[in-house]
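Q: I would be grateful for a close look at one part of this model, set against the chain as a whole.
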Amino acid sequence: MPIYEYHCNDCGEDFERLVFGSEKPDCLLCDSSKVNKMMSSCGFVSKGGNGGTTRTAASDSSCGGCAASSCTGCGN
């Protein structure tokens, strides 16, 4: 069960929520149901050529752009 980030259109609160199935949560601050799922950045650890670990976040990669109104990964 993934944790998603949401933005409330009524009060502007950003929050995270563990979501089961197609559940759509209400805002944790004002209980509004007018929330949008936000794009999240993710990270991973990989072994480099010399055996060391390298941490890379999605925001480090080049962004192709999108139509989202907010993006925690690239700030667009």
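How much area does the chain expose, and what share of it do carbon and sulfur atoms supply? Please then examine the loop between strand E2 and strand E3.

A: The model is a predicted one. Its chain exposes about 5,500 Å², of which carbon and sulfur atoms supply 49%. Among the 76 residues, 14% count as buried. The chain holds five strands and zero helices, so that, from the N terminus on, the order of elements is β-β-β-β-β. Of the contacts with a separation of 6 or more, 30% are between residues 24 or more positions apart.

The loop in question lies between strand E2 (14-18) and strand E3 (35-37). Val19 is placed in this loop and, at 4% relative accessibility, is buried, because that value is under the 20% limit. Although 16 residues separate Val19 from Ile3 along the chain, their C-alpha atoms are 6.1 Å apart. Phe20 is also found in the loop, but here the relative accessible area is 46% and the residue is partly exposed. Together with Ile3 and Leu18, Phe20 forms a nonpolar patch on the surface, and the accessible area of these residues comes to about 300 Å². Ile3 thus figures twice in this account, in the C-alpha separation from Val19 and in the patch with Phe20.

Ser32 is another residue of the loop between E2 and E3. With 9% relative accessibility, Ser32 counts as buried. The side chain of Ser32 is joined to that of Asp10 by a polar contact of 2.6 Å. Leaving aside residues up to four places away in sequence, Ser32 touches Cys8, Asp10, Asp26 and Cys27.

The cysteines in that list lead to the matter of disulfides. A search of the whole structure finds zero of them. Cys8 is in no disulfide, and the nearest cysteine sulfur, belonging to Cys30, lies 3.7 Å away. Cys8 is buried, its relative accessible area being 0%. For Cys11, the closest cysteine sulfur is that of Cys27, at 3.7 Å; this is too far for a bond, because a disulfide requires the sulfur atoms to be within 2.5 Å. Cys11, at 37% relative accessible area, is partly exposed, whereas Cys8 is buried.

In sum, the loop includes the buried residues Val19 and Ser32 and the partly exposed Phe20.

Key: Residues are numbered from 1 along each chain as its sequence is written. This is a predicted model: local features need pLDDT of at least 70, side-chain atom pairs count only at pLDDT 80 or more; totals for chains, interfaces and linings use all residues. Side-chain values use heavy atoms; hydrogens and water are left out. Helices (H or I, at least four residues) and strands (E, at least two) are DSSP runs, numbered from the N terminus. Buried means under 20% relative accessible area, exposed over 50%, partly exposed in between (1.4 Å probe, protein chains only). A polar contact is a pair of N or O atoms within 3.5 Å; within protein, one must be able to donate a hydrogen and the other to accept it, and residues adjacent in sequence count only if both atoms are side-chain atoms. Contact means heavy atoms within 4.5 Å. Patches are made of residues with over 30% relative accessible area and no salt bridge: like charges are joined within 9 Å, nonpolar side chains (Val, Leu, Ile, Met, Phe, Trp, Tyr) within 5 Å. Accessible areas come from the Shrake-Rupley method with a 1.4 Å probe; for residues, only the protein chains shown count as cover. A salt bridge is a side-chain nitrogen of Lys or Arg within 4 Å of a carboxyl oxygen of Asp or Glu.
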